[in-house]
Amino acid sequence: MTGPTRAGALEVVQVPGSGAEDVLVATGGPHEGAVYTGTEDGAVLRVSHDGRRVTRVGHTGGRPLGLEELPDGRLLVCDAHRGLLALDPGSGAVETLVTAVDGVPMRFCNNAAVAADGTVFFSDSSTRHGIAEWKQDFVRVTRTGRLLRRDPDGTVTVLLDGLAFANGVALATDGSWVAVAETAARTVVRLWLAGPRAGERDLLATDLPGYPDNIARGSDGLVWLALASPRDPVVEGLQRAPRWVRRAATSLPEAAQPAPKRVVHVRAVDGDGRVVHDIDLVGPDERRAFHMVTGVREHEGTVWLGSLHEAAVARLRPDRG
């Protein structure tokens, strides 16, 4: 690898595989500051903090999406095909944690957040459609997405269901709530876990200007949202159309279906849902070099980005333009 290349405000780091969907910054250990990502060929990669070295640390045998750190130093991997996994980045060994809920195999394990005690909160985007059919679920609005919890003893509990394409997951700094993105509804749903509001559900973000994908709490304490594509009136018209129209639209050839727009857009909100940062890179250089931001991770002032389509990750430093 020759290192990152600059495209306007972005530094783009090529990786050997398409679809570097999520990004995770290591917060400790010998590779602190390095960035992990997973690609559509099943590889899990580590990018050095300066973007100059890319190392394959493992392979899931499926399609890795969301990545998180586990207390024991392993990587938690949400694999769209294989479920919830733990991968040792030193040896490459993979342990299967969850493949089914109440005896029914998951169709679309997507993203997660991990509490200090090892409790995992994770999303299953749809019980009807897998990742290859994400557009069908998105347009048809099946509302079969779920937010689940895996306790340290292995018990799995459904916390929320009926979600419109459940996606990114983030925990409050104090663990008092967990949030999950509803991509098809352009909202972020919050479930209170502790305190006087425990068990209540509200919205951390609503009427977003784009469709939220992965979300993550940054080192700044804010919840960062990847907005994969701007709001599309055509798509939303289809979502409100009769079922047969939605089915017909998603049965058309790929080239005739609505497609995500080329944008680079992330937003950060505080615990009250107030917008603190809204970064929408509109320059042609950025949009040519990188698009469809599906993963975002802020770490000590640097914002790393992943993409469902790019064979690259990217970073930007908002204070440097």
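Two strands are taken to pair if DSSP finds at least two bridges between them, and it is in this sense that pairing is described in the legends below, which all show close-up views of a predicted model.

**View 1. Strand 17 and its hairpin with strand 18.** Strand 17 (166–171) and strand 18 (residues 177–182) pair in the antiparallel sense, and 4 bridges hold this pairing. Within the pair, Val-169 stands opposite Val-180, a residue of strand 18. The two strands, strand 17 and strand 18, form a hairpin in which 5 residues lie between them, and Gly-175 in the turn has a positive phi of about 75°. Of the 6 residues of strand 17, 6 are buried, so this strand is largely enclosed by the rest of the structure. Strand 17 is also one of the elements that give two or more residues to the lining of the largest pocket, which is the subject of the next view.

**View 2. The largest pocket and its lining.** The largest pocket holds about 500 Å³ of space. Its lining is made up of 23 residues, and the closest of these to the centre of the pocket are Glu-68, Glu-69, Val-114, Arg-217 and Arg-297. Two or more lining residues come from each of strand 3 (24–25), strand 7 (64–69), strand 13 (109–114), strand 17 (166–171), strand 21 (210–217) and strand 25 (293–299). Sorted by class, the lining contains 14 nonpolar residues, 4 polar residues and 5 charged residues.

**View 3. The open sheet that begins with strand 3.** Strand 3, which contributes to the pocket lining, belongs to an open sheet of 4 strands in the order 3-4-5-6, with antiparallel pairing. Strand 3 and strand 6 (54–59) are the edge strands of this sheet, and each of them pairs on one side only. The pairing between strand 3 and strand 4 (residues 35–38) is antiparallel and rests on 2 bridges. In this pair, Leu-24 has Tyr-36 of strand 4 as its bridge partner.

**View 4. The open sheet of strands 21 to 24.** Strand 21, another contributor to the pocket lining, is part of an open sheet of 4 strands, whose order is 21-22-23-24 and whose pairing is antiparallel. Strand 21 and strand 24 (275–281) stand at the edges with a single partner strand each, so one side of each is left without a neighbour in the sheet. On average, and with direction ignored, neighbouring strands of this sheet are turned by 20° against each other. Strand 23 (residues 264–269) and strand 24 run antiparallel and are joined by 6 bridges. Here Arg-267 has Asp-278 in strand 24 as its bridge partner.

**View 5. Arg-146 and the hairpin of strands 15 and 16.** Arg-146 is found in strand 15 (residues 145–150). With a relative accessible area of 13%, Arg-146 counts as buried, because that term is used for values under 20%. The side chain of Arg-146 is joined to the side chain of Asp-124 by a polar contact of 2.5 Å. Strand 15 pairs with strand 16 (residues 156–163) in the antiparallel sense over 5 bridges, and in this pair the bridge partner of Leu-148 is Val-158 in strand 16. Strand 15 and strand 16 form a hairpin with 5 residues between them, where Gly-154 in the turn has a positive phi of about 95°.

**View 6. Ile-131 in a loop.** Ile-131 has its place in the loop between strand 14 (120–124) and helix 1 (134–140). Ile-131 is buried, and its relative accessible area is 15%. Ile-131 and Phe-108 are 23 residues apart in sequence, while in space they are 6.1 Å apart from C-alpha to C-alpha.

**View 7. Two loop residues with positive phi, Asp-102 and Asp-207.** Asp-102 is found in the loop between strand 11 (100–101) and strand 12 (104–105), and its phi is near 55°, a positive value in a residue other than glycine. Asp-102 counts as exposed, at 72% relative accessibility. Asp-207 lies in the loop between strand 20 (201–205) and strand 21, and phi of Asp-207 is near 50°, again a positive value in a residue other than glycine. Asp-207 is exposed, with a relative accessible area of 54%.

Technical notes: Residues are numbered from 1 along each chain as its sequence is written. This is a predicted model: local features need pLDDT of at least 70, side-chain atom pairs count only at pLDDT 80 or more; totals for chains, interfaces and linings use all residues. Side-chain values use heavy atoms; hydrogens and water are left out. On a 1 Å grid over the protein atoms alone, a cavity is a set of points where a 1.4 Å probe fits but cannot get out, and a pocket is an open set with protein on both sides within 12 Å along at least five of seven lines; lining residues have an atom within 4 Å of a point. Grid points are joined across faces, edges and corners, and a volume is the space filled by probe spheres set on the points. Ala, Val, Leu, Ile, Met, Phe, Trp, Tyr, Cys and Pro count as nonpolar, Asp, Glu, Lys and Arg as charged, and the others, Gly among them, as polar. Axes are lines fitted to C-alpha atoms, for helices over the stretch in contact, and angles run from 0 to 180 degrees between N-to-C directions. Buried means under 20% relative accessible area, exposed over 50%, partly exposed in between (1.4 Å probe, protein chains only). A polar contact is a pair of N or O atoms within 3.5 Å; within protein, one must be able to donate a hydrogen and the other to accept it, and residues adjacent in sequence count only if both atoms are side-chain atoms.
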